[in-house]
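Me: I've just opened this one and I'd like to know where the labels come from. Can you take me through them one at a time?

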Amino acid sequence: MPDLQRLDAHHAPALLRFERENRAYFARSVPDRGDDYFTGFAARLAELLAEQAAGLLHFHVLLDDDGEVLGRFNLVDVADGGAELGFRVAEAASGRGVATDGVRRVCTLARDEYGLRHLVASAALDNAGSLAVLRRTGFTPVGDVTLAGRPGLRHVLALTAYRM
């Protein structure tokens, strides 16, 4: 079973490899991070880890048996008992339940470890995979949203009643 770990500095090489190898795949369904993300990766990761240490966000990586990143599952904008969930899974791991498993596990962590009561998540209407993951994991659509100029749906999940 893949291992879900809280992001740490030692994950940097595997995380950068994951982002580079899947860049074109991700860009088909979410806005591209841009070249600056890759050239400034080390500095940006250090900033994010500092924000994580301050409790402003919670980043996680799902690793295979060889320590390679299969997916990222992030909780950002942590405030007032809630956070926004974002996730992405490697192309080679898509369609195998990896995203659904990772989201379920992060939702449980959000409730049990971070004390959160609700999550929000958004996905573009043309991102059928992410929309399906959100529905399978109990998120409910609550309204329209625009994501980088694309129509999408905003979802919520009450963690107080969440069962994996």
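Here is a chat about the sheet, the salt bridges, the burial labels and the pocket.

Me: Before we start, what kind of model is this?

Reply: It's a predicted model.

Me: Okay, the sheet. What is the order of its strands?

Reply: The order is β1-β2-β3-β4-β5-β7-β6, in an open sheet of 7 strands with mixed pairing. On average, neighbouring strands are turned by 25 degrees against each other, direction ignored.

Me: What makes β1 and β6 edge strands?

Reply: Each of them pairs on one side only. β1 covers residues 3-6, and β6 covers residues 140-147.

Me: How do you know that β6 and β7 count as paired?

Reply: Two strands pair if there are at least two bridges between them. β6 and β7 (residues 150-158) have 7 bridges, in the antiparallel sense, so they pass that cut-off. Among the matched residues, Pro141 has His155 in β7 as its bridge partner, and Val145 stands opposite Gly152.

Me: What happens between the strands of that hairpin?

Reply: There are 2 residues between β6 and β7, and in this hairpin Ala148 takes a positive phi near 50 degrees.

Me: Which other strands pair over 7 bridges?

Reply: β3 and β4 do, in the antiparallel sense, with Leu75 standing opposite Leu85 in β4. β5 and β7 are also joined by 7 bridges and run antiparallel; there, His118 stands opposite Ala158 in β7.

Me: On to the charges. Why is the contact of Arg72 and Glu19 called a salt bridge?

Reply: The cut-off is a side-chain nitrogen of Lys or Arg within 4 Å of a carboxyl oxygen of Asp or Glu. For Arg72 and Glu19 the N to O distance is 2.9 Å, so the label fits. Arg72 is in strand β3 and Glu19 in helix α1 (residues 12-21), so the pair ties together parts that are 53 residues apart in sequence.

Me: Are those two buried or exposed?

Reply: Buried means under 20% relative accessible area. Arg72 has 4%, so it counts as buried. Glu19 has 1%, so Glu19 counts as buried as well.

Me: Which residues are in a network with them?

Reply: Glu19, Arg33, Arg72 and Arg88 are linked in a network of salt bridges. The whole structure has 12 salt bridges.

Me: What makes Glu91 and Arg28 a link between distant parts of the chain?

Reply: They are 63 residues apart: Glu91 sits in the loop between β4 and α5, and Arg28 in the loop between α2 and α3. Their closest N and O atoms are 3.1 Å apart, so they too are within the 4 Å limit for a salt bridge.

Me: Why do Glu91 and Arg28 get different burial labels?

Reply: Exposed means over 50%, and partly exposed lies between the two cut-offs. Glu91 has 40%, so it counts as partly exposed. Arg28 has 56%, so Arg28 is exposed.

Me: How far apart in helix α5 are Arg105 and Asp101?

Reply: They are 4 residues apart, which means about one helical turn. Their side chains meet in a salt bridge, 2.9 Å from N to O. Arg105 has 15% relative accessible area, so it is buried, while Asp101 has 21% and so counts as partly exposed.

Me: Why is Phe18 called buried?

Reply: Phe18 has a relative accessible area of 3%, so it falls under the 20% cut-off. Phe18 is found in helix α1. Its C-alpha atom is 7.7 Å from that of Glu68, 50 residues apart along the chain.

Me: Last one: what surrounds the largest pocket?

Reply: The lining has 41 residues, with Val30, Gly86, Phe87, Arg88 and Ser130 nearest the centre. Elements giving two or more residues to the lining include α4 (41-53), β4 (82-89) and α6 (128-136). The largest share, 6 residues, comes from β4. The volume of this pocket is about 1200 Å³.

Me: And how does the lining divide by residue type?

Reply: There are 20 nonpolar, 11 polar and 10 charged residues. Gly counts as polar and Arg as charged, so Gly86 goes with the polar residues and Arg88 with the charged ones.

Terms used: Residues numbered from 1 in each chain as written. Predicted model: local features only at pLDDT ≥ 70, side-chain atom pairs only at ≥ 80, totals over all residues. Heavy atoms only, no water. 1 Å grid on protein atoms, 1.4 Å probe; cavity = no way out; pocket = protein on both sides within 12 Å on 5 of 7 lines; lining within 4 Å. Points joined across faces, edges and corners; volume = space filled by probe spheres on them. Buried < 20%, exposed > 50% of the residue type's maximum accessible area, 1.4 Å probe, protein only. Axes fitted to C-alpha atoms, helices over the stretch in contact; angles between N-to-C directions.
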